[in-house]
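Open your viewer and set the cartoon to a plain colour. We will go from the whole chain to single residues, one selection at a time.

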Amino acid sequence: MKLKTVALIIFSLSILLLSQENKNRKDFKLNKSYKTEEEWKKILTEEQYYVLREKGTERPFTGKYWNHFEKGVYKCAACGEVLFESETKFDAGCGWPSFYESIDKNKIIEKDDFSFGMHRIEVMCKNCGGHLGHVFNDGPKPTGLRYCINSVSIKFEKK
Ligand code: FE
């Protein structure tokens, strides 16, 4: 009986530690392009800084790419990492560039966001931590997702 209890405690502790580790991993794992806020301020325009670093949102139908459908890739405006491609872009009618999928899940951080009294999933560039937008469950097939991204946070490169 005692042995069972000890085993149970050890088992629970290891589960707890593992989940904690996973949580940390999910929260943040940036790397190559880490910069201080002072450095970002020098590199980014005021609008880019507001969206990418302060998690702001550009006004709908005002950005460069909400109505842009050329063939090519979209890079992080802060660090240059390729994040989305035109093949997965669609017209969501929401005024922001929308994609049903990122180019690689490992290049994106998805994190709970409880700001403004609602629950959304924030999307960030995994390489530099720059805020890109949010992902919603009302996208088209095949994923059913809608990555709603600020034009300010991305840079198009023609194929
Ligand atoms: Fe980036």
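Here is a tour in six stops, starting with the setup.

**Before you click**

This is a predicted model, in which local features need pLDDT of at least 70 and side-chain atom pairs count only at pLDDT 80 or more, while totals for chains, interfaces and linings use all residues. Residues are numbered from 1 along each chain as its sequence is written, and side-chain values use heavy atoms, with hydrogens and water left out.

**Stop 1: the whole chain**

Select everything and colour by secondary structure. You should find three helices and nine strands. Here helices (H or I, at least four residues) and strands (E, at least two) are DSSP runs, numbered from the N terminus. Following the sequence, the pattern is α-α-α-β-β-β-β-β-β-β-β-β.

Now switch on the surface. About 10100 Å² of the chain is exposed, and carbon and sulfur atoms supply 57% of that area; the accessible areas come from the Shrake-Rupley method with a 1.4 Å probe, and for residues only the protein chains shown count as cover. Of the 159 residues, 38% are buried. Buried means under 20% relative accessible area, exposed means over 50%, and partly exposed is in between (1.4 Å probe, protein chains only). Of the contacts with a separation of 6 or more, 55% are between residues 24 or more positions apart, a contact being heavy atoms within 4.5 Å.

**Stop 2: the iron ion**

Select the iron ion and show the side chains around it. Which residues are its protein donors? They are Cys76, Cys79, Cys125 and Cys128, each through SG, at 2.3 to 2.4 Å from the ion. Donors are N, O and S atoms within 2.8 Å of the metal (3.2 Å for Na, K and Ca); water is not among the atoms, so sites may look incomplete.

Why is the arrangement called tetrahedral? The four donor atoms subtend angles of 103 to 116 degrees around the iron ion, which makes it so; the cut-off for four donors is that all angles lie between 85 and 135 degrees. For reference, the ideal angle for four tetrahedral donors is 109.5 degrees.

Along the chain, the donors follow the spacing C-x2-C-x45-C-x2-C. Pick out Cys79 and Cys125: this pair links distant parts of the chain, 46 residues apart, with Cys79 in the loop between strand E1 (72-76) and strand E2 (82-85) and Cys125 in strand E6 (residues 120-125). Cys79 is partly exposed at 23% relative accessible area, whereas Cys125 is buried at 0%.

**Stop 3: E1 and its partners**

Select E1. Four of its five residues are buried, so E1 is largely enclosed by the rest of the structure. E1 pairs antiparallel with strand E9 (residues 154-158) over five bridges and antiparallel with E2 over three bridges; two strands pair if DSSP finds at least two bridges between them.

Click on Val73 to see both pairings. Its bridge partner in E9 is Glu157, and its partner in E2 is Glu85. Then move to the E1 and E2 hairpin, where five residues sit between the strands and Gly80 has a positive phi near 90 degrees.

**Stop 4: the open sheet**

Select E3 to E8. These six strands form an open, antiparallel sheet in the order E3-E4-E8-E7-E6-E5. Its edge strands are strand E3 (89-90) and E5, each pairing on one side only. Two bridges join E3 to strand E4 (residues 98-99) in an antiparallel run, and Phe90 stands opposite Ser98 in E4.

**Stop 5: helix H3**

Select helix H3 (46-53) and show its side chains. Its buried residues are Gln48, Tyr49, Val51 and Leu52, and their cover includes helix H2 (37-43), E7 and E9. Just after H3, Lys55 takes a positive phi of about 60 degrees.

**Stop 6: backbone surprises**

Most residues other than glycine have a negative phi, and most peptide bonds are trans. Here are some exceptions to look at:

- Phe61, in the loop between H3 and E1, has a positive phi of about 60 degrees and is partly exposed at 46% relative accessible area.
- Phe116, in the loop between strand E5 (108-113) and E6, has a positive phi of about 60 degrees and is exposed at 74%.
- Pro142, in the loop between strand E7 (131-136) and strand E8 (146-149), follows a cis peptide bond from Lys141, with omega near 5 degrees.

Methods. Four donors count as tetrahedral if all angles lie between 85 and 135 degrees; four count as square planar and six as octahedral if opposite donors are over 155 degrees apart and all others between 65 and 115; anything else is irregular.
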